[in-house]
Amino acid sequence: MIFGGRSKDDETVVAMLASAIRRDISFGVLPPDEKLKIEALRQAYGGSNHSMRETLRMLAAEGLVEATSQRGFRVMSATQEDLEDILLMRLQTEKLGLKRSLERGDVTWESRVVAVFHALSRAEAAVISQPDDITALEWDEACRSVSETLLSACGSRRLIQMAGKFYNQSRRFRLALLREGRIDFSARAQRLDKLQKAILGRDEITALSLLEDDIRADLGARQKTV
């Protein structure tokens, strides 16, 4: 090979390391503002110095890790200001994505919407009856799948990627609510049922309003004022 570049094996290792560290940031195992030292991370997660640095650069691009002035890394802060900023961006990107999906989505998209809402209801039942790390992770993944599916027919790859970036930044706030028992699953089930019906009925105004309510509840934020 004349020009250097990452091999597929390198990319696989980085992807696996990023997934593990992303999960631990979301679950608070790696708390906000914690310094991330390469050697300590290698002992905990594996990989080489190079692959770990590539992983941290990837997570920095996602907004989960911050590069410090001393050329080190730390977990991104999770202040009230951070929460409000993430909320703003989730509302802007996800509402636009759903609006476009409602305009462009076909019957196949509708089928995927029904399927992910059903999977989420199963995951929610499991995490309610047996709250542990496994069911919490499955529930979190089911929530992410719903968000991805609602935007999947929007016709903009960049919009989907941007929405996914801010969604991932919000995960630790939602999982903190779960750990603290501050999620009203009964109200959530009613809201999501109405959202699904509005989407299938192509009721854009109602669907976008319910999506905003759900995103705000997802982050423990105040409901919108009329």
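This dialogue reads a predicted model through its cavity, its sheet and its salt bridges.

Reader: To begin with empty space inside the protein, how many cavities of 30 Å³ or more does a search of the whole structure find?

Author: The general idea is that rolling a probe the size of a water molecule over the atoms shows where empty space is left. In this predicted model, a search of the whole structure finds one cavity of 30 Å³ or more, and the volume of the largest cavity is about 150 Å³. Its lining is made up of 18 residues, among which R90, C143, V146, S147 and D214 are the closest to the centre.

Reader: Which helix supplies the largest share of that lining, and how do the lining residues divide into nonpolar, polar and charged?

Author: The largest share, five residues, comes from α6, although α4 (80–104), α5 (107–129), α6 (133–151), α7 (157–179), α8 (185–200) and α9 (204–218) each contribute at least two residues to the lining of the largest cavity. By character, the lining holds eleven nonpolar residues, one polar residue and six charged ones.

Reader: Turning to the strands, what is their order in the open sheet, and which of them stand at the edges?

Author: Strands of a sheet pair through backbone hydrogen bonds, and they do so in either a parallel or an antiparallel sense. Here the open sheet has three strands in the order β1-β3-β2, and the pairing is antiparallel. The edges are taken by β1 (35–36) and β2 (65–67), each of which has a single partner strand, so one side of each is left without a neighbour in the sheet. Between β2 and strand β3 (residues 73–75), the antiparallel pairing runs over three bridges, and one place to find it in the structure is A67, whose bridge partner in β3 is F73.

Reader: How many salt bridges are counted, and are the residues of the pair R104 and E103 buried or partly exposed?

Author: Side chains of opposite charge can pair when their charged atoms come close. With a cut-off of 4 Å between a side-chain nitrogen and a carboxyl oxygen, the count comes to 24 salt bridges. In the one between R104 and E103, the closest N and O atoms are 3.2 Å apart. R104 has a relative accessibility of 42% and so counts as partly exposed, and E103, with a relative accessible area of 46%, is partly exposed as well.

Reader: Where in the chain do D140 and R174 lie, and what is the N to O distance in their salt bridge?

Author: The side chains of D140 and R174 meet in a salt bridge at 2.3 Å, N to O. This pair links distant parts of the chain, with D140 in helix α6 and R174 in helix α7, 34 residues apart. Since buried means under 20% relative accessible area, D140 counts as buried at 0%, and R174 is likewise buried at 0% relative accessibility. Leaving aside residues up to four places away in sequence, D140 touches R171, R174 and L175.

Reader: Which parts does the pair of D214 and R188 tie together, and which residues do shared salt-bridge partners join into one network?

Author: D214 and R188 meet through their side chains in a salt bridge of 3.7 Å, N to O. Because D214 lies in helix α9 and R188 in helix α8, the pair ties together parts that are 26 residues apart in sequence, and both residues are buried. As for the network, salt bridges that share partners join R90, E94, D140, E141, R144, E148, R171, R174 and D218.

Note on methods: Residues numbered from 1 in each chain as written. Predicted model: local features only at pLDDT ≥ 70, side-chain atom pairs only at ≥ 80, totals over all residues. Heavy atoms only, no water. 1 Å grid on protein atoms, 1.4 Å probe; cavity = no way out; pocket = protein on both sides within 12 Å on 5 of 7 lines; lining within 4 Å. Points joined across faces, edges and corners; volume = space filled by probe spheres on them. Helix = DSSP H or I, 4+ residues; strand = E, 2+ residues; numbered from the N terminus. Nonpolar A, V, L, I, M, F, W, Y, C, P; charged D, E, K, R; others polar. Pairing = 2+ DSSP bridges. Buried < 20%, exposed > 50% of the residue type's maximum accessible area, 1.4 Å probe, protein only. Contact = heavy atoms within 4.5 Å.
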